[in-house]
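User: I have a chain open on the screen and would like to go through the fold with someone. Can we start with the overall picture and then move to single residues?

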Amino acid sequence: MEKKTYDVAALGELLIDLTQNGKSRQGNLLFEANPGGAPANVLSMLRKLGHSCAFLGKVGADSFGDLLADTLRAVGIDARALRRDDAVHTTLAVVHTMENGDRDFSFYRKPGADLELTADELDTDVLRSCRIFHFGSLSLTDEPARGATQKAVETAREAGALISFDPNLRPPLWQDDEAAKEQISWGLAQCDVLKIADNEAEFMCGTGDFDECADQLREKYPNIRLLNITAGAAGSYAYYGKLRAFEAGCTLGGVIETTGAGDTFCGSALHYILEHGLDGLTEAQLHEMLRFANAAAYLVTTRHGAIRSMPERSEVELVLKKM
């Protein structure tokens, strides 16, 4: 792939995940302020794997915004394209963890600073200087962030970047299912690389049969060159040309909560593309990509938070030896 300043640039929500972390002496739930947001989580994993990354988005001019800006810099993500909003606070997501480690989200986002990013505030130099541009659907829920996302995709593509998309469906943030499907469909029509979770694939295709979903999506959106479907602990699937690969998930135990697992998988898959390109991938390479991404995703489920919890390559390799 062409040499550029950044391996990956990502746009979207940067927020605080208020995650359950025990109880006080009085029996009240304690919440830990974990820096998060799917696009930033993806970049954090890529940074762990040695890639140069830049983030585009907006946070509030408040203490949580300071924490998020400092966190990006601390993990080595270029934050020159991060904007601050004097009027709207940083978005918050309260993460309620279930017994099986899965999560339920309650968002404080009407308004939220991430939605206030405008097209005029985009750093087009960053967009023209990345090999891969990644985005999700949360920046498509409302204007002006929707228009900013659309312009960013167009700018990056015109400069020769591969486009990566992860729907990251959060139903409470949409007016209704039809609005979500409309905007996710737009994202699907833009990307070269798609990472989609099992529930999102069923939401868009009306079936839980992954092979049928893959056939539907690739027929409707022929621009998708690599399609990855994740199914949590059950494993993941890759579809590329006429090739299909499946790898079981890691079941070594110790899962705390699953926040950031899909983003870790996504970052690991983009890492593989950066190393091997998107042309001429073999079935063996698809299996290799999935095994590494599954192992990395497992590791992040054994920790609280996401951005600061991404595993080192050496940790992933150690898990792979145990799988």
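Analyst: What follows is a walk through a predicted model, from the whole chain down to single residues.

User: How many helices and strands are in the protein chain?

Analyst: The protein chain has 10 helices and 13 strands.

User: What is the radius of gyration, and what would a compact globule have?

Analyst: The protein chain has 18 Å. A compact globule with 323 residues would have a radius of gyration near 20 Å, so the two agree. The C-alpha trace spans about 50 × 45 × 40 Å along its principal axes.

User: And what share of the residues count as buried?

Analyst: 59% of the 323 residues count as buried. The accessible surface of the chain is about 13300 Å², and 46% of that belongs to carbon and sulfur atoms.

User: Contacts next. Among those between residues at least 6 apart in sequence, what percentage join residues at least 24 apart?

Analyst: That figure is 72%.

User: Now the sheet. What is the strand order in the open sheet of 9 strands?

Analyst: The order is 5-4-1-8-9-10-11-12-13, and the pairing is mixed. Strand 5 (78-85) and strand 13 (243-247) each have a single partner strand, so they stand at the edges with one side left without a neighbour in the sheet. From one strand to the next the twist averages 15°.

User: How do strand 4 and strand 5 run, parallel or antiparallel?

Analyst: Strand 4 (residues 53-60) and strand 5 run parallel, joined by 6 bridges. Within that pair, alanine 54 stands opposite aspartate 78 of strand 5.

User: Which strands does helix 4 touch?

Analyst: Helix 4 (residues 145-158) packs on the sheet and touches strand 1 (6-11), strand 8 (130-136) and strand 9 (162-166). The direction of helix 4 makes about 155° with that of strand 8. Helix 6 (residues 198-205) also packs on the sheet, touching strand 9, strand 10 (193-197) and strand 11 (226-230). For helix 6 the angle with the direction of strand 10 is about 100°.

User: Back to strands: how do strand 2 and strand 3 pair?

Analyst: Strand 2 (residues 15-23) and strand 3 (residues 29-36) pair in the antiparallel sense, over 7 bridges. Glutamine 20 stands opposite phenylalanine 31 in strand 3. The hairpin has 5 residues between the strands, and glycine 27 in that hairpin takes a positive phi near 90°.

User: Helix 8, then. How many of its residues are buried?

Analyst: Helix 8 is mostly covered, with 13 of its 16 residues buried. The helix covers residues 261-276 and reaches 23 Å from its first C-alpha to its last, close to the 22 Å expected at 1.5 Å a residue.

User: What follows helix 8?

Analyst: Glycine 277 does, and its phi is positive, near 80°.

User: On backbone oddities: which phi sign do most residues other than glycine have, negative or positive?

Analyst: Most of them have a negative phi, and most peptide bonds are trans. Asparagine 168 has a positive phi of about 50° although it is not a glycine.

User: Where is asparagine 168, and is it buried or exposed?

Analyst: Asparagine 168 is found in the loop between strand 9 and helix 5 (177-188). A relative accessible area of 11% is under the 20% cut-off, so asparagine 168 is buried.

User: Which peptide bonds are cis?

Analyst: Among them is the bond from lysine 110 to proline 111, with omega near 5°. Proline 111 lies in the loop between strand 7 and helix 3 (124-127). Another cis bond runs from glutamate 143 to proline 144, also with omega near 5°. Proline 144 is found in the loop between strand 8 and helix 4.

User: Where is aspartate 104?

Analyst: Aspartate 104 is in strand 7 (residues 103-108). With a relative accessible area of 40%, aspartate 104 is partly exposed.

User: Last one: what does asparagine 228 touch?

Analyst: Not counting residues up to four places away in sequence, asparagine 228 touches Leu194, Lys195, Ile196, Tyr237, Ala238, Phe265, Ala269, Met289 and Leu290. Asparagine 228 lies in strand 11 and counts as buried at 1% relative accessibility.

Note on methods
Residues numbered from 1 in each chain as written. Predicted model: local features only at pLDDT ≥ 70, side-chain atom pairs only at ≥ 80, totals over all residues. Heavy atoms only, no water. Pairing = 2+ DSSP bridges. Helix = DSSP H or I, 4+ residues; strand = E, 2+ residues; numbered from the N terminus. Axes fitted to C-alpha atoms, helices over the stretch in contact; angles between N-to-C directions. Contact = heavy atoms within 4.5 Å. Rg over C-alpha atoms; globule rule 2.2 N^0.38 Å. Buried < 20%, exposed > 50% of the residue type's maximum accessible area, 1.4 Å probe, protein only. Areas by Shrake-Rupley, 256 points an atom, 1.4 Å probe, with all protein chains shown as cover. Expected span 1.5 Å × (residues − 1).
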